[in-house]
Amino acid sequence: MDFIVWLSDNEGMRNGPVAVVAAAVLWGTAGTAGLLVSADSVALAAARLVVGGAALALMAGSGIRRVLSPGLLLGAVAVAAYQLCFFAAVARTGVAIGTVVAIGSGPVFTGLLSWLLHRRRPSRRWAAATAAAICGCAALIVGGGVQAAGSTSGQVVSGVLFALLGGLLYAFYAVTAARAIGAGGESNAVMGAMFGGAALIMLPVLVVNGGVGWEPRGLVAVLYLGLGTTALSYFLYGRGLRTTPVATAATLALAEPAVAALLGVAVLGERLAPVSVAGLVLLALSLAAVAVPEKAARPEVRVPAEAGASGVPERR
C-alpha cells in the first residue's frame with residue numbers, strides 16, 4: 001500500500017529519470033516472460049498491448065475525455081504501428097539487427113522531433129552520451145548474433161527500413177505524450193488515451209492470429225506482459241515525462257536491452273561474449289551520464305559603465 005501511495009505522490013516521483021529507468025527495467029523483462037508462452041510473436045505482442053492498453057484506460061477513467069485530441073489519436077496509431085513494424089523488421093533481419101536499429105534510432109529521432117516541435121535543442125552531453133549508449137546497445141546485442149538465417153540482402157534492407165520506421169513511430173508517440181503532459185494533461189490520462197486506443201486497434205490483430213492460448217501458464221505470462229511490462233511501465237514512463245525531457249527519457253530507456261541481457265544470463269543460462277560485456281559497460285556509463293542533471297547555466301553578469309568605482313553588478 002505504501003508503494004502505491006509513493007507512486008501516486010508527486011513528491012515521490014519528482015526524480016523523473018528514476019521513473020523512466022524503472023519503466024525500462026520492466027520492458028527488459030518482457031522477453032524472458034514471453035518465453036513462457038508458445039505463441040506467435042505477433043499475437044503475443046497484440047495480447048500484451050490489448051491487456052496493457054485496457055488497464056491504462058481503466059486507470060485513467062473519465063480523465064481520458066479531458067485530454068483526448070487528434071494528436072493523441074495519432075499517437076495511438078503510432079503505438080500500434082510500432083509493434084507491427086518491429087516484428088516485420090526482426091522477421092527480415094533477425095532479432096539482433098532489428099532490435100539495434102529500432103531501439104537505437106528511437107532516441108535520435110526523439111531528440112530531433114523534440115528539437116523541431118518543442119524548440120528544445122539537445123545538449124552536447126546528451127548527444128555524446130546518446131551516441132555512446134547506441135554503440136553500447138549495438139555491441140551488447142550484436143554480440144549474440146548478426147542476421148536471421150536465410151535472409152537475403154533485399155530482406156535485410158527492407159527490414160532495416162521497417163526498424164527505422166519503428167524508431168520514428170516510437171519517437172512520435174513519446175514526443176506526443178510529453179507534449180500533452182507538458183501542456184497540463186494528467187500523465188495517467190494521456191497514456192490511457194494513447195494505449196487504450198492502440199488496444200482497440202490491435203484487438204482485431206489478436207483475433208486474426210488466433211490468440212495466444214489460454215492455458216494457466218500462458219495466461220499468467222500474458223497478464224504479466226500486459227499489466228507489468230505495459231500498464232505499470234508506461235504509468236511510470238508518463239510520470240517520468242513530467243520532469244524529464246523526452247529526449248533524455250528516450251536515451252534512458254536504452255536500459256531495456258541491458259536488463260534483458262542480464263536476465264538472459266541469470267535466468268536462461270545464456271553467455272555474454274566479450275564484445276557484449278564491453279557494450280553493457282559502455283551502455284551503463286552512458287545512461288549514468290544522461291541521468292545526472294546538468295548544472296543550470298549561471299546568469300550572465302555585466303557591470304554597467306555608470307556604476308563607476310562602486311562596481312555594483314547588474315544582472316540581466
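The legends below describe close-up views of a predicted model.

**Figure 1. The whole chain of the predicted model, with 14 helices and two strands.**
The chain has 316 residues, and buried residues make up 47% of them. Its exposed surface comes to about 15600 Å², of which carbon and sulfur atoms supply 67%. Among contacts between residues at least 6 apart in sequence, 86% join residues at least 24 apart. A search of the whole structure gives zero disulfides, one salt bridge and 10 aromatic pairs.

**Figure 2. Helix α4 and the glycine that follows it.**
Helix α4 runs through residues 41–60, which makes 20 residues. From its first C-alpha to its last, α4 reaches 28 Å, close to the 28 Å expected at 1.5 Å a residue. After α4 comes Gly61, whose phi is positive, near 60°. One of the residues in this helix is Ala55. Ala55 counts as buried because its relative accessibility is 16% or less, namely 15%, and the cut-off for buried is under 20%. Leaving aside neighbours within four places in sequence, Ala55 is in contact with Leu227 and Ala231. Ala55 and Ala199 are 144 residues apart in sequence, yet their C-alpha atoms are 9.7 Å apart in space.

**Figure 3. Helix α6 and the glycine just after it.**
Helix α6 covers residues 70–93, a run of 24 residues. At 1.5 Å a residue, α6 should span 34 Å, and its end C-alpha atoms are 34 Å apart, so the two values agree. Gly94 sits just after α6 and takes a positive phi of about 95°.

**Figure 4. The salt bridge between Glu186 and Arg242.**
Side chains of opposite charge can pair when their charged atoms come close. Here the side chains of Glu186 and Arg242 meet, with 2.6 Å from N to O. Where do Glu186 and Arg242 lie? Glu186 is in the loop between α9 (153–182) and α10 (187–208), while Arg242 is in the loop between α11 (216–241) and α12. The pair therefore ties together parts that are 56 residues apart in sequence. Glu186 is partly exposed, at 37% relative accessibility. Arg242 is also partly exposed, at 32%.

**Figure 5. The aromatic pair of Trp27 and Tyr234.**
A pair of aromatic rings is described by the distance of the centres and the angle of the planes. For Trp27 and Tyr234, the ring centres are 5.0 Å apart and the planes lie at 45°, so the pair is tilted. Trp27 belongs to helix α2 (residues 16–28) and Tyr234 to helix α11. The pair thus ties together parts that are 207 residues apart in sequence. Are Trp27 and Tyr234 buried or exposed? Both Trp27 and Tyr234 are buried.

**Figure 6. The aromatic pair of Tyr170 and Tyr173, and the cluster around it.**
The rings of Tyr170 and Tyr173 form an edge-to-face pair, 5.4 Å centre to centre and with 80° between the planes. Tyr170 and Tyr173 are three residues apart in helix α9, so about one helical turn separates them. An α-helix has 3.6 residues a turn, so residues three or four places apart point the same way. Tyr170 is buried, with a relative accessible area of 10%, and Tyr173 is buried at 3%. Tyr170 and Tyr173 belong to one aromatic cluster, whose other members are Trp27, Tyr82, Phe86, Phe87, Phe195, Tyr234 and Tyr237.

**Figure 7. Two cysteines, Cys85 and Cys135.**
The whole structure has zero disulfides. Cys135 is in no disulfide, and the nearest cysteine sulfur, that of Cys137, is 9.9 Å away. A disulfide would need the two sulfur atoms within 2.5 Å. Cys135 is partly exposed, at 49% relative accessibility. Cys85 is buried, with a relative accessible area of 8%.

**Figure 8. The surroundings of Thr248 in helix α12.**
Helix α12 spans residues 246–252, and Thr248 has its place there. Thr248 is buried, at 16% relative accessibility. Which residues is Thr248 in contact with, leaving aside its neighbours within four places in sequence? Thr248 is in contact with Trp126 and Val290.

Definitions and conventions: Residues numbered from 1 in each chain as written. Predicted model: local features only at pLDDT ≥ 70, side-chain atom pairs only at ≥ 80, totals over all residues. Heavy atoms only, no water. Helix = DSSP H or I, 4+ residues; strand = E, 2+ residues; numbered from the N terminus. Expected span 1.5 Å × (residues − 1). Buried < 20%, exposed > 50% of the residue type's maximum accessible area, 1.4 Å probe, protein only. Contact = heavy atoms within 4.5 Å. Salt bridge = Lys/Arg side-chain N within 4 Å of Asp/Glu carboxyl O. Phe/Tyr/Trp six-rings, centres within 6.5 Å; stacked < 30°, edge-to-face > 60°. Areas by Shrake-Rupley, 256 points an atom, 1.4 Å probe, with all protein chains shown as cover.
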